Amino acid sequence: MSQVLGFSGGDDFCSGGSIYANPKEASFFLSLGPQVDVYFPPRKRSRVNAPFILDGEWFEQKQKTSVEALPDECLFEIFRRLPAGEDRSACACVSKRWLMLLSSICKDEICVNKNTSAGNIEKEGDDVEFGGDGYLSRNLEGKKATDVRLAAIAVGTASRGGLGKLSIRGNNMFRGVTSLGLKAVAHGCPSLKSLSLWNVSSVDDEGLIEIANGCHQLEKLDLCKCPTITDKGLVAIAKNCQNLTDLLLESCPNVGNEGLRAIGKFCPNLKSITIKDCTGVSDQGIAGLFSTSLVLTKVKLQGLFVSDLSLAVIGHYGKSVTDLVLNCLPNVSEKGFWVMGNGTGLQKLKSLTVSSCRGVTDIGLEAVGKGCPNLKIAHLHKCAFLSDNGLISFAKAALSLESLRLEECHRITQFGFFGVLFNCGAKLKAISLVRCYGIKDLNLVLPTISPCESLRSLTISNCPGFGNASLSVLGKLCPKLQHVELSGLDGVTDAGLLPLLESSEAGLVKVNLSGCTNVTDKVVSSMANLHGWTLENLNLDGCKNISDASLMAIAENCALLCDLDVSKCSITDAGVAALAHAQQINLQILSLSSCTLVSDRILPALRKLGRTLLGLNIQHCNAINSSTVDVLLELLWRCDILS
């Protein structure tokens, strides 16, 4: 028995006594139970130091015994006592929970430590200030636009100058920006001055209300394609952000008249407003806005179902309006424009843009010209009912007109175009015709009148009926031209351009003949000889008859030329070499796109031109190998090369 149990002594059991020399050793065994006739006197239980197994649930509870086990209320109290700057940013990096808690702390909830010494404050400088003055700007697009990122921006910029401009464009499909993200911005960025929300469908009134309550310095608000924002959010902005100066509302179907009335009533500093494709806006909203806005200077209305009443209100109350854009207003008739012009409220109007409005007729436009004595810029686009008579009457009435642009006005003919030049007065500086298919090249007999010496810029673009006869008249009528754009005119040849070049007295500075396929080297040589001392920009894109002779004339005479485009021309290596050997040329931009005759041998010339070049276009030059392009990229490291 002693050998089995491993103890020394006899084999007989001793009743009433311990079998261990050390009495404490008995505590290592469990009780033998009542069925064993063995007696042990009661003794003190010894301390157990052996390893033991813990229950799983109890172990998990012990693991959570850390700062993470604190409820949000306790962490909030801790975080709001942290000094601004690196400490807050470091805590925000611990976990998403800490980040969101830090971003929920408002400026007035921060506890300032009164025991902080003045020396520490001076040392930290601007970091002590929560929110700052709004020097920083952030732009989130697509997948980057999430609530977590907004919270990080709010915490990170609070002590680094403050977030002044925030733009959110697009939305994350799975974790997009919601009102929670805007709440973080409202709490952490009280200095926010500009907010743009474009195509953010998950933000509703709650988020905008948070911005209104937390960002009282807001000056600019852009809301585009935000279908869940309603008048409720806009009213909150109006009541709490009275420094608002710029407002854009686009494709927000639930924003309507109530919101606009609130903006007009509570935002006395509003200077610019754009309302586009908002189906909830009607005449009542426009009337409520203009009747109370006293400093509104820039107005754009597009895609609205307003009537003549809205234009009447603008004509009466728009006393501070300087820029007015009216696009696609199908319910506005001739009466609306007539009443607006006779309202005598647009005395300060300087720029007018009207597009796709059937109410622009001869009578309506003449009334606008008479009612806007300070109008300087007029852009008329897709005015299907405007004729030559109305255009001439408008030119006679608008005595201060300096720039006129006509685009896709197909009832305007050559008589209306020259009638404007005859009757514009002495202030018209620029006139443009773009895609006006009513223009026909007719032989006109000019009356004995003085030339239009004020005109400096002429643009005729993609008007197929404009030809040599019209150009010859322009040459005699406008001797002071400096900027000439005659693009996409297949009917113009050397016979029409040469008289225009010869009659120009002031010296041409910018010439664009792109798409004039019948122009030859003779025109370019004449231009270089007559205007080389003033010419700075020349565009010959698509003039297939232009060859090396033109480049040689330019190299010899055009010392001031800095931008040259000879794309799709019949240029070879010899022409570019002539440019490179010019002594006084100072080219900065050179385009040789689709010049198929240019080859690898052009490399030395381009290297020499590269001393001044900042931009080079050699796209679709198939004879230039990729190895040559690689060499150019290395040599012309200052130049932006398109290949």
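A search of the whole structure, a predicted model, finds eight salt bridges. Side chains of opposite charge can pair when their charged atoms come close. Several of these pairs are described below, followed by a run of parallel strands.

One salt bridge lies within a helix. The side chains of Lys370 and Glu366 meet with an N to O distance of 3.4 Å. Both residues belong to helix α15, which spans residues 362-371. They are four residues apart, so about one helical turn separates them. Lys370 has a relative accessibility of 58% and therefore counts as exposed. Glu366, at 26%, counts as partly exposed.

Another salt bridge links two loops. Glu505 pairs with Lys480, and their closest N and O atoms are 3.4 Å apart. Glu505 sits in the loop between α19 (494-503) and β15 (510-512). Lys480 sits in the loop between α18 (468-477) and β14 (483-487). The pair therefore ties together parts that are 25 residues apart in sequence. Glu505 counts as exposed, because its relative accessibility is 54%. Lys480 has a value of 24% and counts as partly exposed.

Loops also carry the salt bridge between Asp541 and Lys568, where the N to O distance is 3.3 Å. Asp541 is found in the loop between β16 (537-539) and α21 (548-557). Lys568 is found in the loop between β17 (563-565) and α22 (573-580). Here the parts tied together are 27 residues apart in sequence. Asp541 is partly exposed, with a relative accessible area of 22%. Lys568 is partly exposed as well, with a relative accessible area of 46%. Elsewhere, Arg405, Glu407, Glu408 and Arg435 form one network, joined by salt bridges that share partners.

The strands β6, β7 and β8 come next. Strand β6 covers residues 272-276, and strand β7 covers residues 298-302. These two strands pair in the parallel sense over five bridges. Lys276 has Gln302 of β7 as its bridge partner. Helix α12 (residues 283-290) joins β6 and β7 in a right-handed β-α-β unit.

Strand β7 also pairs with strand β8, which covers residues 323-327. This pairing is parallel and runs over five bridges. Lys298 has Asp323 of β8 as its bridge partner. With helix α13 (residues 308-317), β7 and β8 make a right-handed β-α-β unit. Strand β7 thus takes part in both units, one with β6 and α12 and one with α13 and β8. In a regular strand the side chains alternate between the two faces of the sheet.

Methods:
Residues are numbered from 1 along each chain as its sequence is written. This is a predicted model: local features need pLDDT of at least 70, side-chain atom pairs count only at pLDDT 80 or more; totals for chains, interfaces and linings use all residues. Side-chain values use heavy atoms; hydrogens and water are left out. Two strands pair if DSSP finds at least two bridges between them. A crossover is right-handed if, with the strands pointing away from the viewer, the path from the first strand over the helix to the second runs clockwise. A salt bridge is a side-chain nitrogen of Lys or Arg within 4 Å of a carboxyl oxygen of Asp or Glu. Buried means under 20% relative accessible area, exposed over 50%, partly exposed in between (1.4 Å probe, protein chains only).
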